[in-house]
Amino acid sequence: MQQPEIRKLTHEDEIPYHLLYLADESITAVADYIHRGEMYIGQVNRETIGIYVLLPTRPFTIELINLAVDEAYQGKGCGKALIRHAIATAKEKGYKVLEVGTGNAGIGQLALYQKCGFTIYGVDLDFFEKHYDHPIFENGIQCLHMIRMKIDL
Ligand code: COA
């Protein structure tokens, strides 16, 4: 399938909230980081089908948050293309480490990030239980902890 064209979201673009909420159910969390981070969108035939956000965290470190691909386009390589773009963008900006966090129940996401070169370095215990107001389940497993992953750039 045609690979998405990936570029930074501009003021003329509409913010694709439906994609942001696909990766993060918390309206409060999304509202917080979209204004602190830079949003990048993936488009196929001018339709926005994917998104990711880059958020500087600590010196030399930036975080990939809210990676999402429209359900109709999943499983076709768009997620990998967005991650490769995020790695290249973070590197171009001079960062040394790109981090990402994903739920313990996200088996597909854990596979995807590791296939893209990320490695697990820690676990933020009870992150989802503490900060989300209702239980989240994926693959029949409760999402309680955030698995922290990183790639050296
Ligand atoms: N075991 C092993 N590999 C798995 C897997 C599993 N259970 N589930 C997925 N994968 C692999 C696929 O095999 C594929 O790798 P391959 O190309 O080597 O075969 C890769 O993960 C998926 O790649 P791709 O098609 O590029 O991903 P995608 O376009 O479907 O996007 C998400 C992936 C996660 C962005 C998409 O599913 C999505 O938007 N999900 C909802 C939001 C979300 O959970 N975001 C992540 C927040 S951390």
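Biologist: How far does a backbone N or O atom of Lys76 lie from an oxygen atom of the ligand?

Modeller: The model is predicted, and the distance is computed from its atoms. Between a ligand oxygen and a backbone N or O atom of Lys76 it is 3.2 Å.

Biologist: Which side chain has an N or O atom 2.7 Å from an oxygen atom of the ligand?

Modeller: The side chain of Lys115 places an N or O atom 3.2 Å from a ligand oxygen. The 2.7 Å pair involves the side chain of Lys80.

Biologist: What share of the ligand's accessible area does the protein cover?

Modeller: There are 21 residues around the ligand, and Leu67, Val69, Gly75, Lys80 and Gln109 come nearest. On its own the ligand has 960 Å² of accessible area, and the covered share is 67%.

Biologist: Which residues of helix α2 are buried?

Modeller: Ile27, Thr28 and His35 are exposed, on the face turned away from the buried side of α2. The buried residues pack against α1, β2, β3 and β4. In α2, residues 27-36, they are Ala29, Val30, Tyr33 and Ile34.

Biologist: Why do they lie on the same side of α2?

Modeller: Residues three or four places apart in an α-helix point the same way, because there are 3.6 residues a turn. The buried residues of α2 are on the same side because they cover an arc of only 115 degrees.

Biologist: Which element gives the largest share of the largest nonpolar core?

Modeller: That core has 27 residues, and Tyr52, Leu54 and Ile83 are among those with the most contacts inside it. Elements supplying at least two residues each include β2, β5 and β9. The largest share, seven residues, comes from α3.

Notes. Residues are numbered from 1 along each chain as its sequence is written. This is a predicted model: local features need pLDDT of at least 70, side-chain atom pairs count only at pLDDT 80 or more; totals for chains, interfaces and linings use all residues. Side-chain values use heavy atoms; hydrogens and water are left out. Buried means under 20% relative accessible area, exposed over 50%, partly exposed in between (1.4 Å probe, protein chains only). Helices (H or I, at least four residues) and strands (E, at least two) are DSSP runs, numbered from the N terminus. The arc is that of the directions from the helix axis to the C-beta atoms. Contact means heavy atoms within 4.5 Å. A nonpolar core is a set of buried Ala, Val, Leu, Ile, Met, Phe, Trp, Tyr and Cys residues joined through side-chain atoms within 4.5 Å. A residue is near a molecule or strand if one of its heavy atoms lies within 4 Å of it. A polar contact is a pair of N or O atoms within 3.5 Å; within protein, one must be able to donate a hydrogen and the other to accept it, and residues adjacent in sequence count only if both atoms are side-chain atoms. Accessible areas come from the Shrake-Rupley method with a 1.4 Å probe; for residues, only the protein chains shown count as cover.
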